[in-house]
Amino acid sequence: MTNVAVIYYSSTGSTHRLAEAAAAAAAQEGAEVRLRRVPEIAATGRPGSQEHAAEAARIPEATLEDLQWADAVLLGSPVHFGLAAPQLMQWINTTSPLSIRGELLDKAVSAFASGSAEHGGQVTTILALHNAICHWGAVVVATGSADPVLYEKNNGNPYGASTVAGNRAGFIHEENAGAIAYQTRRTIHVAAALKAARSAAPAAA
């Protein structure tokens with residue numbers, strides 16, 4: 001069985017809904033799943049943020065143990081000026097002890113994002129998260145362009161699932177849910193292959 005951690009920050013709910021779709025897809029694949037949120041640093045004042053905070057309070061907060069436990073990790077963030085949200089990046093900054101000890105090596109990790117505007121930074125946010133994944137020594141899992149769901153009207157980048165929410169708090173397109181489900185399955189398959197390769201490798205002399 002593959003252990004999957006879906007770790008995300010969401011302000012008004014769109015990234016949260018992508019994360020829930022990823023967790024549901026992982027469960028359908030028979031994985032053991034942990035859906036984990038990164039907490040708010042301070043009130044953002046964004047419309048819908050208070051309502052979303054109340055809804056998301058039921059989701060456990062992400063811990064470093066979740067990363068240690070996971071074979072596959074999906075990281076999600078809203079767009080903040082073309083970068084990942086500072087809330088998520090602050091949490092990632094706490095992972096140095098694991099990274100330095102090599103505990104994140106060879107995990108399969110993928111990223112997804114939501115933003116208010118088309119071409120508003122979803123791709124750059126995903127690529128910024130790829131930088132952190134490389135520092136972990138983990139394996140970046142991109143969606144590529146090989147599955148038909150990626151050509152649906154509201155999908156279209158080969159890096160990771162993303163959504164254009166506009167000013168609609170908690171909104172994602174149906175096609176985006178399909179894309180994150182595919183991305184999750186792909187990440188699980190890569191994680192399972194890495195895990196099998198480690199198990200088959202001869203013990204070091």
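In the predicted model, strands β1 (residues 3–8) and β2 (residues 32–37) are paired in the parallel sense, with six bridges between them. Within this pairing, R34 of β2 is the bridge partner of A5. The connection from β1 to β2 passes through helix α1 (residues 14–28), and the resulting β-α-β crossover is right-handed. Strand β1 is also joined to β3 (residues 72–80), again in parallel, by five bridges. Here Y8 is found opposite G76 of β3.

The surroundings of β1 are reflected in its accessibility. Six of the six residues of this strand are buried, so β1 is largely enclosed by the rest of the structure. In a regular strand, side chains alternate between the two faces of the sheet. In β1, N3, A5 and I7 point one way, while V4, V6 and Y8 point the other way, and all of these residues are buried.

Strand β3 runs parallel to β5 (108–115) as well, and seven bridges join the two. The bridge partner of L75 in this pairing is A111 of β5. Further parallel pairings are made by β5 with β6 (139–140) and with β7 (162–164). Two bridges are found between β5 and β6, with V109 standing opposite V140 of β6. Between β5 and β7 there are three bridges, and A113 stands opposite S162 of β7.

Strand β5 is mostly covered, eight of its eight residues being buried. One set of residues, A108, S110, F112 and S114, points one way from the strand. V109, A111, A113 and G115 point the other way, and the residues of both sets are all buried. A111, the partner of L75, therefore belongs to a set that also contains V109 and A113 and is buried in full. Helix α4 (residues 86–93) contains Q87. Q87 has a relative accessible area of 7% and is classed as buried, because this value falls under the 20% limit. Two polar contacts are made by the side chain of Q87. One is with the side chain of Y9, at 3.2 Å, and the other is with the side chain of E40, at 2.6 Å. Q87 is separated from A142 by 55 residues in sequence, and the C-alpha atoms of these two residues lie 23 Å apart in space.

Helix α4 also packs against helix α6 (residues 122–136) in the sense that residues of the two helices meet. From α4, the residues involved are L88, M89 and I92, and from α6 they are L129, A132 and W136. The axes of the two helices come within 12 Å and cross at roughly 5°. Because an angle under 35 degrees counts as roughly parallel, α4 and α6 are assigned to that class.

Two loop residues other than glycine have positive phi values, F81 and H119. F81 is placed in the loop between β3 and β4 (83–84), and its phi is near 55°. With a relative accessibility of 88%, F81 is exposed, because the value is over the 50% limit. H119 is placed in the loop between β5 and α6, with a phi of about 60°. The relative accessibility of H119 is 75%, so this residue is likewise exposed.

A loop residue of another kind is N155, which is located between β6 and β7. At 18% relative accessibility, N155 counts as buried, because the limit is 20%. The side chain of N155 makes a polar contact of 2.9 Å with the side chain of N176. When neighbours within four places in sequence are left aside, the residues in contact with N155 are V149, L150, E175, N176 and A179. N176 is thus named both as a contact of N155 and as its polar partner through the side chains.

Technical notes
Residues are numbered from 1 along each chain as its sequence is written. This is a predicted model: local features need pLDDT of at least 70, side-chain atom pairs count only at pLDDT 80 or more; totals for chains, interfaces and linings use all residues. Side-chain values use heavy atoms; hydrogens and water are left out. Helices (H or I, at least four residues) and strands (E, at least two) are DSSP runs, numbered from the N terminus. Buried means under 20% relative accessible area, exposed over 50%, partly exposed in between (1.4 Å probe, protein chains only). A polar contact is a pair of N or O atoms within 3.5 Å; within protein, one must be able to donate a hydrogen and the other to accept it, and residues adjacent in sequence count only if both atoms are side-chain atoms. Two strands pair if DSSP finds at least two bridges between them. A crossover is right-handed if, with the strands pointing away from the viewer, the path from the first strand over the helix to the second runs clockwise. Axes are lines fitted to C-alpha atoms, for helices over the stretch in contact, and angles run from 0 to 180 degrees between N-to-C directions. Angles under 35 degrees count as roughly parallel, over 145 as roughly antiparallel, 65 to 115 as roughly perpendicular and the rest as oblique. Contact means heavy atoms within 4.5 Å.
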